[in-house]
Amino acid sequence: MCQLWLLLGAVICFLPVSVYLLENGLARTPPMGWLAWERFRCNTDCKNDPDNCISEQLFRTMTDLVVSQGYAAVGYQYINVDDCWLEKERNIHGQLVPDRQRFPSGMKSLADYVHAKGLKFGIYQDFGNYTCAGYPGILGYLQVDAETFGSWDVDYVKLDGCYAHPSEMDRGYPEFGYYLNQTGKAMVYSCSWPVYQIYAGMQPNYTAIIQHCNLWRNFDDIQDSWDSVQSIMDYYGNNQDTVVPNSGPGHWNDPDMLIIGNFGLSYEQSKTQMAIWAILAAPLLMSVDLRTIRPEYKAILQNKKIIAVDQDPLGIQGRRIYKHKGIEIWSRPITPLYQNYFSYAIAFVNRRTDGTPSDVAVTLKELGLVSPTGYRVEDLYEDVDYGVLTPQTKIKVKVNPSGVVILRADVQPDFNRRVPYYSTQRTPYNPLNQVFKVRSNGFSFP
Ligand SMILES: *[C@@H]1O[C@H](CO)[C@@H](O)[C@H](O)[C@H]1NC(C)=O
Ligand SMILES: *[C@@H]1O[C@H](CO)[C@@H](O)[C@H](O)[C@H]1NC(C)=O
Ligand SMILES: *[C@@H]1O[C@H](CO)[C@@H](O)[C@H](O)[C@H]1NC(C)=O
């Protein structure tokens, strides 16, 4: 099997990551949208806090804002409910019932509202006896719950893993996925399967996970702090040989929500989260109050150039290629391609706290950018175009404490030279072979 990528006349053949992937046709690029949990949690007190409680009103309001404030126009699409939307008891037919006070119109009505605005609707459940917050889970009701979601016209299901046996997940997550498929309604399937198995000391079977899930959580829930963002960056950097090869169109690692615009991250740290999530080919699920978000944070979430990196059609997750004395360099192969050369997004992160920006100087070659035709380099936050640089060019960036500089380097075609349409010498980047490894620490910075 061979996928053809027709770019600038070059044809490159990729071997598929596995022989069988989830075939629902969804999430060809990482899903983008809004998810309630990190910001609104399990606030069920609509009496005293009507504007912030988990209710149909909250989701309608966020739907309106995703459209009116320009988020939909840059790609945010899903409006996702998380925990605490349910009644504590199923109905006499064994079906799930949304909370009667907080979702009086029901979930089909809410899905219709979201759809009428041109967006998609996501819901939350749990592969256990209870959801994490203690509402009814799907155990014993897999088929009926999948059918219920289908009948509500749900587009996306996040299935958590509280109150479940991790050893049963290898059977249970695929089984629920089977019932979702049987509804005939294609739904993005977000799994928490690996993270609960890792917590239980098991080794997740990613071969199976990528066959059955569109995305999955590998690590802790994000919290509203820079510490939390850094711990997630460390997880994906430290475990990249295991997790990066599993990512690709239709199947993504999920480092959890974007917390940009909330209370815990500074402006610099917010830019860092957005940049690194794009390098990680992460789902971009904002969890923020869109009624009150400040304009500079909204601008980060709506940075089209960084979103384009995240949504790059190759779907290759990037890697941390350098880490020394608080400076990290992260790199992701992206389109366009020319001959056997990728373009790249490169993020320089400064984890130091010594109050002044750090200089990082490195040649493109040291970053693995070796096309003799050169690269057009631009900064994705600042309006700086470096022009076309050769691999020997040394670039120098100033990175603010807990901040980031993210560049995009587009490989340049050589219009002076005729390229054979097919060539046997091509050695495209293959995540499974891990050819794109941490390189020698040959970079210089003070
Ligand atoms: C779920 O509940 C059933 C019935 O009470 C019980 O047998 C099973 O062990 C429970 N599963 C978990 C994961 O607690
Ligand atoms: C169900 O699975 C089949 C086989 O993988 C696939 O062709 C089909 O598109 C899936 N349908 C839905 C609704 O996900
Ligand atoms: C992992 O899952 C694959 C695909 O379902 C299966 O063929 C393989 O036997 C599993 N590996 C282990 C160690 O269970």
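A helix crossing is called right-handed if the near helix is turned clockwise from the far one by less than a right angle. Keep that in mind as you open this predicted model.

**Stop one: two helices.** Select α4 (residues 142-151) together with α5 (residues 169-182). Their axes lie 8 Å apart and meet at an angle of about 40°. Since angles from 35 to 65 degrees fall outside the parallel and perpendicular classes, α4 is oblique to α5. Look along the pair and you will find that α4 passes α5 in a right-handed crossing. To see the contact, show Leu 142, Gln 143 and Ala 146 on α4, then Glu 175, Phe 176, Tyr 179, Leu 180 and Gln 182 on α5. Colour these residues by type: 5 are nonpolar, 2 polar and 1 charged.

**Stop two: the ligands.** Centre on ligand 1 and pick out Gly 128, Asn 129, Leu 139, Tyr 163, Ala 164 and His 165 around it. This shell has 3 nonpolar and 3 polar residues, with no charged ones. Next, move to ligand 2, where Glu 23, Asn 24, Gly 25, Asn 181, Gly 184, Lys 185 and Ala 186 await you. Here the split is 1 nonpolar, 4 polar and 2 charged.

**Stop three: the sheet.** Now select the 6 strands of an open antiparallel sheet, ordered β11-β12-β13-β18-β15-β16. β11 (319-324) and β16 (385-389) are the edges; each has a single partner strand, so one side of each lacks a neighbour in the sheet. From one strand to the next, the twist averages 20°. Zoom in on β15 (residues 375-379) and β18 (residues 404-411), joined by 5 bridges. Arg 376 is opposite Asp 410 in β18. Finally, add α10 (residues 267-279), which packs on the sheet and touches β12, β13 and β18.

Key: Residues are numbered from 1 along each chain as its sequence is written. Chains are lettered from A and ligands numbered from 1 in the order in which they are written. This is a predicted model: local features need pLDDT of at least 70, side-chain atom pairs count only at pLDDT 80 or more; totals for chains, interfaces and linings use all residues. A residue is near a molecule or strand if its C-beta atom, placed from the backbone, lies within 6 Å of it. Ala, Val, Leu, Ile, Met, Phe, Trp, Tyr, Cys and Pro count as nonpolar, Asp, Glu, Lys and Arg as charged, and the others, Gly among them, as polar. Axes are lines fitted to C-alpha atoms, for helices over the stretch in contact, and angles run from 0 to 180 degrees between N-to-C directions. Helices (H or I, at least four residues) and strands (E, at least two) are DSSP runs, numbered from the N terminus. Angles under 35 degrees count as roughly parallel, over 145 as roughly antiparallel, 65 to 115 as roughly perpendicular and the rest as oblique. Two residues are in contact if their C-beta atoms, placed from the backbone, lie within 7 Å. Two strands pair if DSSP finds at least two bridges between them.
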